[in-house]
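Subject: Structure handover and notes

Dear colleague,

I am passing on the structure we discussed, together with my notes on it. Please open it alongside this message and check the notes against the atoms as you read.

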Amino acid sequence: MWFMSKLKLLMLFMLVFSPLKIYSQNNDKGGYPTGFGLEFRFTTDFATGKNLEQYYNIPAEARTIPIHKDDGWLGTPGTPVTLSDSTLEASASSYNFGLSVAGQYSFASRMIIRGGAQFNTFSRSMKGPTQGMSDNTVSESINGYGREEGSSIMYYSLGSKFSRTISPFGELELRIGERSGFLIGFAKRQRAIYVQNGYDRYNSLETYSFHTIDKKSYNLPYVGFKVGLGHGTGVLFNVGYELHRNKIDVPDFLKEFVEKPQVWDMTFGLYYVLSKTKH
């Protein structure tokens, strides 16, 4: 009886602690034990492409700028001046800084499923306003002097950026080698179209205000890869293609697509993982 009880205790001990031994052996051999984890990312996103919308009948408030404080000879500083309407094109080129948080689960030895959200912190168009007329800028001399000395020039310009919204995403990671992985994922994002206005003074542009005039959502399938740097940290790179609808419900100042947008999104980032998964 004593022998049998000790044997049962030994078998129970081996049964309870054998998974820990396997876990340790896997880690020593570079294995990928299953488990839950949490990943944090700091990313920089770039969008580039062509064929975003053309806008017309832009709201008057976005085209209205007060007389500059140093142009009192034209009238009382602060007196509003509304520039003429024109058809402008929104450029797809923009950048964004974002923070992401995602939960993950590692399974099947080398696969990780991950889902979370990106918080866009700061974004701007990479194609800013120009001095003089262009496809995205209206520039007017309000005293009729053109760009001659003594002229007073105001402008408004159309741009696009990543909206400051929470963008959900999900992805699957296939581990390759000791610290690298291949990614395939899907994200929901939103773009904001805005008007930037201000003054063209002494060969430099002075911004007065920004007005968001439209927002639209799009789907973003993407692929990428990750390279671990040790201690749960690493770098990543993704590239995706924006999927837009051919026709959308829009305000009355927006034309339909000239052509279907062709926009690529690229993401560079750093990550940190809290997980038992070896990185």
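The notes below go through strand pairing, the charged residues, one threonine and a surface patch.

Please keep in mind throughout that this is a predicted model.

Strand pairing

Strand E6 (residues 94-107) pairs with strand E7 (residues 111-125) in the antiparallel sense, through 14 bridges, and within this pairing Leu99 has Phe119 of E7 as its bridge partner. The two strands form a hairpin with 3 residues between them, and Ala108 in the turn has a positive phi of about 50°. E7 is also joined to strand E10 (residues 166-176), again antiparallel, by 9 bridges, with Ile112 standing opposite Glu173 in E10.

Further along the chain, strand E11 (residues 180-201) runs antiparallel to E12 and pairs with it over 22 bridges, where Asp200 is opposite Leu205 of E12. Here the hairpin has 2 residues between its strands, and Tyr202 in the turn shows a positive phi of about 50°. Strand E12 (residues 204-230) is then joined to E13 by 8 antiparallel bridges, and the pairs Tyr222 with Gly240 and Val227 with Val235 belong to this pairing. The hairpin of E12 and E13 has 2 residues between the strands, and His231 takes a positive phi near 60° there. On to strand E14 (residues 262-275), E13 pairs in the antiparallel sense over 9 bridges, and Leu236 faces Gly269 of E14.

Strand E13 (residues 233-241) deserves a separate remark, since its side chains alternate. Gly234, Leu236, Asn238 and Gly240 point to one face and are buried, whereas Thr233, Val235, Phe237, Val239 and Tyr241 point to the other face and are not buried.

Charged residues

Side chains of opposite charge can pair when their charged atoms come close. A search of the whole structure gives 14 salt bridges, and I describe a few of them here.

Which residues are linked in a network of salt bridges? The members are Glu39, Arg41, Arg114, Glu171, Glu173, Arg175 and Lys226. Within this group, Arg114 forms a salt bridge with Glu39, the closest N and O atoms being 3.5 Å apart; the pair links distant parts of the chain, with Arg114 in strand E7 and Glu39 in strand E1, 75 residues apart. Because its relative accessible area is 2%, under the 20% cut-off, Arg114 counts as buried, and Glu39, at 1%, is buried for the same reason. Glu173 forms a salt bridge with Lys226, with 3.4 Å between the closest N and O atoms; Glu173 lies in strand E10 and Lys226 in strand E12, so this pair ties together parts that are 53 residues apart in sequence. Both Glu173 and Lys226 are buried.

Glu39 has further surroundings worth inspecting. Its side chain makes a polar contact of 2.5 Å with the side chain of Lys226, and, leaving aside neighbours within four places in sequence, Glu39 is in contact with residues including Ser100, Val101, Ala102, Gln104 and Tyr272. Glu39 and Leu274 are 235 residues apart in sequence, yet their C-alpha atoms are 6.2 Å apart in space.

Another salt bridge joins Asp45 to Arg189, with the closest N and O atoms 3.5 Å apart, and this pair links strand E1, which holds Asp45, to strand E11, which holds Arg189, across 144 residues. Both Asp45 and Arg189 are buried.

Thr267

Thr267 is found in strand E14, and, at 7% relative accessibility, Thr267 counts as buried. The side chain of Thr267 makes a polar contact with the side chain of Asp45 at 2.6 Å. Not counting residues up to four places away in sequence, Thr267 also touches Arg189, as well as Leu236, Phe237 and Asn238, among others.

Surface patch

Where nonpolar side chains come to the surface, Leu38, Phe40, Phe42, Phe97, Leu99, Val101, Phe119, Phe122, Ile166, Tyr272 and Leu274 form a patch with about 940 Å² of accessible area together. The elements giving two or more residues to this patch are strand E1 (35-50), strand E6, strand E7 and E14. One of its members, Val101, lies in strand E6 and counts as partly exposed, at 34% relative accessibility.

With best regards

How values were computed: Residues numbered from 1 in each chain as written. Predicted model: local features only at pLDDT ≥ 70, side-chain atom pairs only at ≥ 80, totals over all residues. Heavy atoms only, no water. Buried < 20%, exposed > 50% of the residue type's maximum accessible area, 1.4 Å probe, protein only. Helix = DSSP H or I, 4+ residues; strand = E, 2+ residues; numbered from the N terminus. Pairing = 2+ DSSP bridges. Patch = residues over 30% accessible without salt bridge, like charges linked within 9 Å, V, L, I, M, F, W, Y side chains within 5 Å. Areas by Shrake-Rupley, 256 points an atom, 1.4 Å probe, with all protein chains shown as cover. Salt bridge = Lys/Arg side-chain N within 4 Å of Asp/Glu carboxyl O. Contact = heavy atoms within 4.5 Å. Polar contact = N/O pair within 3.5 Å; in protein donor to acceptor, adjacent residues only side chain to side chain.
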